[in-house]
Amino acid sequence: MAKSRRRGSTGSSGRPEPVVAPVDGGVAELIPDPDRPRGWTLLVDSAPQSHVDLDEPDRLAFEYQRRLGHIADLAAPPGRPLRAVHLGGGAFTLARYIAATRPRSTQQIVELDAPLVQLVRTHLPLDPNARIRVRSADARAGLAKIPDGWADLIIVDVFSGARTPAHLTSVEFLADIRRVLAPGGQYAVNLTDGPPLAHLRAQVATAAAVFPESALIADPAVLRGRRFGNAVLLASDTPLPVPELTRRTAGDPHPGRVEHGRALADFTGGAAPVTDAGAKPSPAPPPAAFR
């Protein structure tokens, strides 16, 4: 296995070379973007995790990250600083985005994989002026240490072996999410599922058991159970900006659909909320999912 190269290393062509390094979650790769001089894609065990453009941190390349970016944009009036928690770090893409679009935001990243954190810090360094704290800890344990009512926005994007860990899918976990959120704060989670969408339906039901308001954003083909893919679930204790979120999502390069209200309740199909006692990790993606 190749050792991690030093930041800024280039090949004979003068362009950055891929970086490969062992991390706790497997083998991490940082792949240079051929179209952007300081753009990189992070993969872990060949599964795409994040894309970062160090020259344009407000550019979000991945479909699900664009959905989360819309949520961050609508979480408060434009430019107002946020207090944000990111459970799951990846390449710190969303934290960089918020720092760029909402200067003076205060953010906490909780990422279990300490070698991955070090790899990203070394090769894709954060802006030293950004108020971003990174802590290596289990997501649920790290959340438990954050004070009541601290966060305006909590983004959960945690995968282990391309699956969401079971202990981050339950009513008990979401109850702690709600504890940390300020009144009117929002919880957003990146989920993956495929037909018959049992995991996704159960996660919608779980959010509804904790929060009075929720919405689901995904490609229509995913919502119809035609393929495996990402969906972003949003929840809050106050009404959500559904019309504007719908407009922005429809205008994405890969347009998505927003389900809310009665349609979202019907989508659950009677699924029961998940508790710690019966929690399971999300389903593994099919072999062709990342080709």
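**Figure 1. Phenylalanine 92, a buried residue in a loop.** With a relative accessibility of 1%, phenylalanine 92 counts as buried, because buried means under 20% relative accessible area. This and every other view here is drawn from a predicted model. To find the residue, look in the loop that runs between β5 (83-87) and α2 (93-101). Its backbone deserves a second look: phenylalanine 92 has a positive phi of about 65°, although it is not a glycine. For comparison, most residues other than glycine have a negative phi.

**Figure 2. The whole protein, to get your bearings.** Before going further, let us step back for a moment. The protein has 9 helices and 12 strands. Along the principal axes, its C-alpha atoms fill a box of roughly 60 × 40 × 40 Å. How does the radius of gyration of the protein agree with that of a compact globule? For 291 residues, a compact globule would have a value near 19 Å, and the protein has 18 Å, which agrees. Of the 291 residues, 51% are buried. The protein exposes about 12,900 Å², with carbon and sulfur atoms supplying 52% of that area. Contacts also reach across the sequence: among those between residues at least 6 apart, 67% join residues at least 24 apart. As for charge, there are 34 positive and 30 negative charges, and their mean positions are 2 Å apart.

**Figure 3. Confidence, and the start of the chain.** The pLDDT of the protein averages 94, and 94% of the residues score at least 70. Over residues 1-8, by contrast, the pLDDT is below 50. In the model, this stretch has 20 contacts beyond near neighbours in sequence. Please keep the score in mind when you look at residues 1-8.

**Figure 4. A cis peptide bond between two prolines.** Here we visit the loop between β9 (181-193) and α6 (198-210), where proline 196 lies. Is the peptide bond from proline 195 to proline 196 cis or trans? The bond is cis, with omega near 10°. As a reminder, most peptide bonds are trans. Proline 195 is in the loop between β9 and α6 too. At 52% relative accessibility, proline 195 counts as exposed, because the cut-off for exposed is over 50%. Leaving aside neighbours within four places in sequence, proline 195 is in contact with Gly225, Arg227 and Phe228.

**Figure 5. Leucine 197, further along the loop.** Leucine 197 is also found in the loop between β9 and α6. Is leucine 197 buried or exposed? Its relative accessibility is 0%, so leucine 197 counts as buried, whereas proline 195, at 52%, counts as exposed. Leucine 197 is not a glycine, yet it has a positive phi of about 65°.

**Figure 6. Tyrosine 187 and the residues around it.** Tyrosine 187 has its place in strand β9. This residue counts as buried, because its relative accessibility is 1%. Which residues does tyrosine 187 touch, not counting those up to four places away in sequence? They are Ile154, Val156, Leu174, Ile177, Leu181, Phe211, Leu233, Leu234 and Ala235. For a sense of scale, pick out alanine 114 as well: tyrosine 187 and alanine 114 are 73 residues apart in sequence, and their C-alpha atoms are 24 Å apart in space.

**Figure 7. Alanine 141 in helix α4.** Alanine 141 sits in helix α4, which covers residues 139-144. How does alanine 141 count, at 39% relative accessibility? The residue counts as partly exposed, because this class lies between under 20% and over 50%. Two distances help to place alanine 141 in the model. From alanine 141 to leucine 264, the separation is 123 residues in sequence and 30 Å in space, C-alpha to C-alpha. From proline 195 to alanine 141, the separation is 54 residues in sequence and 31 Å in space, again C-alpha to C-alpha.

**Figure 8. Leucine 54 and its contacts.** In this last view, look for the loop between β4 (47-53) and α1 (63-74), where leucine 54 lies. Leaving aside neighbours within four places in sequence, leucine 54 is in contact with Arg38, Arg96, His123, Leu124 and Pro125. Threonine 93 makes a useful landmark: leucine 54 and threonine 93 are 39 residues apart along the chain, and their C-alpha atoms are separated by 9.6 Å.

Conventions:
Residues numbered from 1 in each chain as written. Predicted model: local features only at pLDDT ≥ 70, side-chain atom pairs only at ≥ 80, totals over all residues. Heavy atoms only, no water. Helix = DSSP H or I, 4+ residues; strand = E, 2+ residues; numbered from the N terminus. Rg over C-alpha atoms; globule rule 2.2 N^0.38 Å. Buried < 20%, exposed > 50% of the residue type's maximum accessible area, 1.4 Å probe, protein only. Contact = heavy atoms within 4.5 Å. Areas by Shrake-Rupley, 256 points an atom, 1.4 Å probe, with all protein chains shown as cover. Lys, Arg positive; Asp, Glu negative; His and termini not counted. Charge placed at Lys NZ, Arg CZ, Asp CG, Glu CD. pLDDT = per-residue confidence, 0-100.
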